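The following paragraphs lead a newcomer through one protein model, moving from an opening in its surface to the whole fold and then to a few single residues. Please keep the sequence and the structure in view while reading.

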Amino acid sequence: MTGGAGSLGRAISCRLAAGGCKLVIADCDAVAAREVESKIKQQGGHALAVSTDVTSSQSLQQMVDAALTAFGRIDYLVNNAGLLGPIKPIWEIPDAEIDRVYSVNVRAVFACTRIAVQHMMARRDGAIVTIASVAGKDGPKDMSIYASSKAAVIAFTKSWAKELAPFGIRVNCISPALIEDTGMQNEMPDWFRSDSVSRIPMGRAARADEVANVVRFLLSDDASFVTAACYDVSGGRASY
């Protein structure tokens with residue numbers, strides 16, 4: 001579970017732990033990751049905090065090795081780590097900001113999945129869920145870097161699902177609208193946050209637990225015939 005110590009990551013981690021999953025909480029914030037680990041253990045679950053830089057293949061390999069050492073196998077992967085990036089028009093965006101967002105939202109997901117999936121392939125079983133965004137479908141104004149990075153997530157989810165189906169591995173993604181009380185929301189200016197909520201027919205932002213519930217479903221046997229799907233958790237904002 002990458003980005004497992006942030007607001008959404010914590011909600012997903014706790015929901016999966018409550019369902020019996022043994023979790024590696026991978027995050028660049030080691031202190032916050034240990035707090036999530038402690039919370040899960042206090043509730044009778046199993047978790048291991050691992051300080052992880054998702055932009056480093058070496059760090060991702062260490063994360064996978066830690067999971068195998070602690071729990072002996074990898075059944076699931078949740079690619080949750082992500083960056084919002086700048087909210088500005090294309091002519092104001094330097095290369096460095098493009099590289100920063102793509103390194104986390106695209107390249108890191110490729111690297112993490114490539115490393116972890118080898119163990120699933122050997123066992124011919126597994127499920128992967130990546131957090132995309134409704135922005136990857138509707139391309140909001142002034143968010144071309146973030147939107148295009150999440151569109152990439154939706155596209156490679158569909159490709160990977162076809163590649164990995166013969167190995168018994170399902171691959172899906174989730175496209176939430178704005179989620180309340182997250183780091184990304186706190187990075188948004190007030191006008192952008194208000195505009196984002198105004199586009200949601202249900203009239204509010206999603207709760208982190210509502211997204212976590214869909215992650216849990218897609219990883220579970222209840223979704224045994226679901227792969228290559230992009231599940232919206234958008235309150236009606238995305239309808240295709």
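What volume does the second largest pocket have? In this model, which is predicted rather than determined by experiment, the second largest pocket has a volume of about 540 Å³. Its lining is made up of 23 residues, and those that lie nearest the centre of the pocket are Cys-21, Lys-22, Leu-23, Asp-75 and Tyr-76. Two or more lining residues each come from strand E1 (22-27), helix H3 (57-71), strand E3 (76-79) and helix H9 (208-219), and it is H3 that supplies the largest share, with four residues. In character, the lining of this second largest pocket divides into 15 nonpolar residues, three polar ones and five charged ones.

Turning from the pocket to the whole, the reader can count nine helices and six strands in the protein. The radius of gyration is 17 Å, close to the 18 Å that the globule rule gives for 240 residues, so the protein is as compact as a globular protein of that length. Taken along the principal axes, the box that the C-alpha atoms fill is roughly 45 × 40 × 35 Å. Of the 240 residues, 51% count as buried, while the accessible surface comes to about 11,000 Å², with 52% of this area belonging to carbon and sulfur atoms. Among contacts between residues at least 6 apart in sequence, 69% join residues that are at least 24 apart.

The protein also holds enclosed space, for a search of the whole structure finds one cavity of 30 Å³ or more. Which residues line the largest cavity? They are Thr-2, Val-54, Asn-79, Ala-81, Val-104, Ala-108, Val-109 and Cys-112, and together they enclose a space of about 40 Å³. Helix H4 gives the most to this lining, with four residues, and the lining of the largest cavity divides into six nonpolar residues, two polar residues and no charged ones.

Helix H4 is also where Val-106 lies. Because its relative accessibility is 12%, which is under the cut-off of 20%, Val-106 counts as buried. Leaving aside neighbours within four places in sequence, Val-106 is in contact with Val-101, Ser-149, Ala-152 and Phe-156. One of these partners, Ala-152, is 46 residues away along the chain, yet the C-alpha atoms of Val-106 and Ala-152 are separated by 7.0 Å.

A second residue to look at is Asn-172, which has its place in strand E5 (residues 169-176). Is Asn-172 buried or exposed? With a relative accessibility of 1%, Asn-172 counts as buried. Not counting residues up to four places away in sequence, Asn-172 touches Ile-128, Val-129, Thr-130, Thr-157, Leu-218, Val-226, Thr-227, Ala-228 and Ala-229.

Ala-228, one of the residues that Asn-172 touches, deserves a look at its backbone. Although Ala-228 is not a glycine, it has a positive phi of about 65°, and its place is in the loop between H9 and strand E6 (230-233). Arg-124, likewise not a glycine, has a positive phi of about 55°, and Arg-124 is found in the loop between helix H4 (95-123) and strand E4 (126-131).

Conventions. Residues are numbered from 1 along each chain as its sequence is written. This is a predicted model: local features need pLDDT of at least 70, side-chain atom pairs count only at pLDDT 80 or more; totals for chains, interfaces and linings use all residues. Side-chain values use heavy atoms; hydrogens and water are left out. On a 1 Å grid over the protein atoms alone, a cavity is a set of points where a 1.4 Å probe fits but cannot get out, and a pocket is an open set with protein on both sides within 12 Å along at least five of seven lines; lining residues have an atom within 4 Å of a point. Grid points are joined across faces, edges and corners, and a volume is the space filled by probe spheres set on the points. Ala, Val, Leu, Ile, Met, Phe, Trp, Tyr, Cys and Pro count as nonpolar, Asp, Glu, Lys and Arg as charged, and the others, Gly among them, as polar. The radius of gyration is taken over C-alpha atoms; the globule rule is 2.2 Å times the number of residues to the power 0.38. Buried means under 20% relative accessible area, exposed over 50%, partly exposed in between (1.4 Å probe, protein chains only). Contact means heavy atoms within 4.5 Å. Accessible areas come from the Shrake-Rupley method with a 1.4 Å probe; for residues, only the protein chains shown count as cover.
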